[in-house]
Amino acid sequence: MQDALSSGRIRKAPENFLNKDGIKTVVAEAKNGRRDFIRNAFAAAAAGAAVPAALAQGNPVPTEGGDPNILNLPEHSKGLGQGVATEGYGKPSQYEANVQRRQSPGLTQTTQASVSFAPLQSLFGIITPSGLHFERHHQGWWDIDPSKHRLMINGMVKTNKVFTMDEIMRLPSVSRIHFIECGANTAVEWGNVAVPTVQYTHGMVSCSEFTGVPLITLLELAGADLKNGKFVLAEGADGSSMTRTIPMELIKSGEVFVAYGQNGEMLRPEQGYPLRLIVPGVQGVSWVKYLRRIEVGDKPYAAKDEAVHYIDLMPNGLHRQYTNIQECKSVVTTPSGGQVLLDKGFYNITGLAWSGRGKVKRVDVSVDGGRNWRTARLEGPVQNKALTRFNIDWVWDGKPAIIQSRAMDDTGYVQPTYKQLRAVRGTRSIYHNNAIQSWLVQESGEVKNVQVS
Amino acid sequence: MFRFRKAVLTAALLAVAGWASAQGVTKFPGIGREATPKEVAAWDIDVRPDFKGLPAGSGSVAKGQDVWEGKCAHCHGIFGESGEVFSPLVGGTTAEDIKTGRVANLQRTDYPGRTTLMKVATVSTLWDYINRAMPWTAPKSLTTEEVYAVTAFLLNLGGIVPDNFVLSDKNIAEVQKRMPNRNGMTTDHAMWPGKEFGKGAKPDTKNVACMKDCVPEAKVASFLPDYARNAHGNLAEQNRLVGAQRGADTTRPEGTAPATSAPAAAPAAAKPAAKADSAGADNKAAMALTQKHSCTACHAMSNKLVGPSFQEIAKKHAGKVDYLAGKIKAGGSGVWGPVPMPAQSLSDADAKTIAVWLSSGAGK
């Protein structure tokens, strides 16, 4: 890597995948009219195409006086491409196969009560592609027949109600972009650095445009007691039948909705198809998937995931219960842990910021471990309780640098340092770690996850 | 008369606006219907801390032990102590905790982990969750008596109720008064999005957005040790192949130059178009069945979980299709260790497919 780094720009192998001799042969064979040979040669090269694309070849202008990628027109410039609807549902390029959600080795013993992390290091903008959305299942996921799915509303209501999906989808809908973050995102880093990349440190956050019906509409249809019914229980239809307590105040604000749409299509099964609850700003466990029932009540429910898990242990041995808001947080996604910068020079430092209390107001970035800061550009429009993309210019001089980002939301709250967070909560509370993240760029160009004193 | 007037009014509104804009239930005519009492009873299963929703009934510690050993112990351990599959349920609480309602070990930073009984403040939570989600592969299959019994057995393991106890809807409120961590929760924080708990505290950290000379020179206080370099797989294969940066080749020590012609990173990247030959398809089908029938709750591909890994089984019983198919259906114990495998209800065809796959090497 040293050679590649010192020698300048990255270039792909000639012709992307055929070497010079190969090209000569192909051309020669072509002249002889052996079309099948050509077809096979390119097909074989295409199958292994991702391999040399990764090669960081640092040669300057070649002796033949130009880049063969320019001088020798590639097949795709000279041939006929594929037809429409080759894929009824299009897929990412074959060169993007490394961009996958992943489990963190050793974190859980079963895959059904587990998590997979979104590859934040490879994502742009604020929308998480639905197939890369992080997953958290409590008792395995299902693909439920929407014609058989029902939503029931009961409890402190005038009329217990039941709705089909057809009926819910007839009601006036809203489409809103919101982040969802697991309360345990960054949990493994409370005490010390534990995982190498932003995928594993922060990958339990995703952001989608969700479409559905405000819950208040359904509660009004059932004649809910909105005054005395201060709490709502949301319950899923899967094996775990996940339950969580939701404050009526938030529902009355109109922000909470039942969603069937995600990024222009229906929810993915892993995300709760055909119906899930959207509770903006609140940790993901409250966004109950496969939503089957809403109960209006006058007391909180102390469900398993608010009485055994998703409770925050404090140094005095008390657990904070009903800790729901995801406080303001940010992370630089590139350059980030496990990556290698290709050379000195210009880089765009980019990352994500979000707040469960409202909009991101400002993000500052430091490249010297938090000593000095510059304010980054926010990509707008900045939205309520949504991921916000930030960018800032940086010229790397090749010396070690510690990159951090620090977000502020429109309540004025500023994302804390590890020192500040640990001073109040210790290191054992598992949930709601929103500390400032540090990435160490080493002279070799390799970036490491670090925590600073 | 009243009905007539309402009808006229509605018609008038329709005539004026062209929309049905009356209030309440008439706002969205045709949407939703009343749920029947039977339907509500089928789904409204939650039990609140004040025991609203708890069905009448009872179950003994002794009965609970029987249910436990048959349906729970293979994941949670005979005494609820196992941490092999899930976090341990029992342990870490004392008779003193039952008196104070605060688990003393929670204050110790050196105490290795937290069990369910150390954390849970409300006995209703145990009853509700066992009832709705257990056992792991067959949730909602326990009778009301079994749920009472298993809850009683768990409480007995924690020394909260005696060996001869019969837990019921009549005495569960008394049991609540003995929960070891019943006074261990606080809602005094700023992270509930409402005022329902009456606190509305301010956030507990107060960073300021300093811009210049904010802290002394940063020192790296924590980083991953070298031996963990490749613990999450080769990071070169976890990054895009184009752009401002690549993933580090963590199969090599840091600072060593990677091979220039064929980086180790590449093969995985080149796999997207992997061919599904017929063996691969068979393997896939068998693995899908192990998911479908929840075999994977206890068996993993290459590492031991509750039961042996598929690959261990494949090695030990190579070629023994009929033996394996029989074992899958009937269950057994003593071959791989003390934890028994319960009998499984799947079709002979599915059992055979899995058995063939196992007996021929459990390939991917």
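## Strands paired across the chains

Val452(A) has Val220(B), a residue of β5(B), as its bridge partner. The two strands involved are β24 of chain A, covering residues 447–452, and β5(B), and their pairing is antiparallel, with 3 bridges. The model described here is a predicted one.

A second pairing links β14 of chain A, residues 319–320, with β4(B); here the strands run parallel and 2 bridges join them. One partnership in this pairing is that of His319(A) with Met185(B) in β4(B). The strands β13(A), β14(A) and β4(B), in that order, form an open sheet of 3 strands with mixed pairing. At its edges are β13 of chain A (312–313) and β4 of chain B (185–186), each of which pairs on one side only. In general, strands of a sheet pair through backbone hydrogen bonds, either parallel or antiparallel.

## The contact between chains A and B

Chain A puts 118 residues into the contact and chain B puts in 93. On the chain B side, the elements that give two or more residues include the helices α2 (37–43), α6 (116–119), α7 (123–133) and α10 (266–269). The strands β1 (33–34), β4, β5 (220–223) and β6 (245–247) of chain B also give two or more residues each. The element that gives the most to this side is α7(B), with 6 residues.

Sorted by class, the side of chain B that touches chain A consists of 47 nonpolar, 22 polar and 24 charged residues.

## Chain B as a whole

Chain B is 364 residues long, and 34% of them count as buried. Its secondary structure comprises 14 helices and 6 strands. Among contacts in chain B with a separation of 6 or more, 57% are between residues 24 or more positions apart.

## Nonpolar cores

The largest nonpolar core has 159 residues. The members that touch the most others are Val232(A), Val256(A), Val258(A), Leu277(A) and Val150(B). Helix α8 of chain B, residues 144–157, supplies the largest share of this core, with 9 residues. Another core lies apart from it and has 12 residues, among them Ala286(B), Leu324(B), Ala325(B) and Ala351(B). As a general tendency, nonpolar side chains in soluble globular proteins are buried together.

Which residues is Val150(B) in contact with, leaving aside its neighbours within four places in sequence? They are Gly64(B), Val67(B), Trp68(B), Cys72(B), Ile130(B) and Leu142(B).

Key: Residues numbered from 1 in each chain as written. Chains lettered and ligands numbered in written order. Predicted model: local features only at pLDDT ≥ 70, side-chain atom pairs only at ≥ 80, totals over all residues. Core = buried A, V, L, I, M, F, W, Y, C linked by C-beta atoms within 7 Å. Buried ≥ 20, exposed ≤ 12 C-beta atoms within 10 Å, placed from the backbone. Helix = DSSP H or I, 4+ residues; strand = E, 2+ residues; numbered from the N terminus. Contact = placed C-beta atoms within 7 Å. Pairing = 2+ DSSP bridges. Nonpolar A, V, L, I, M, F, W, Y, C, P; charged D, E, K, R; others polar.
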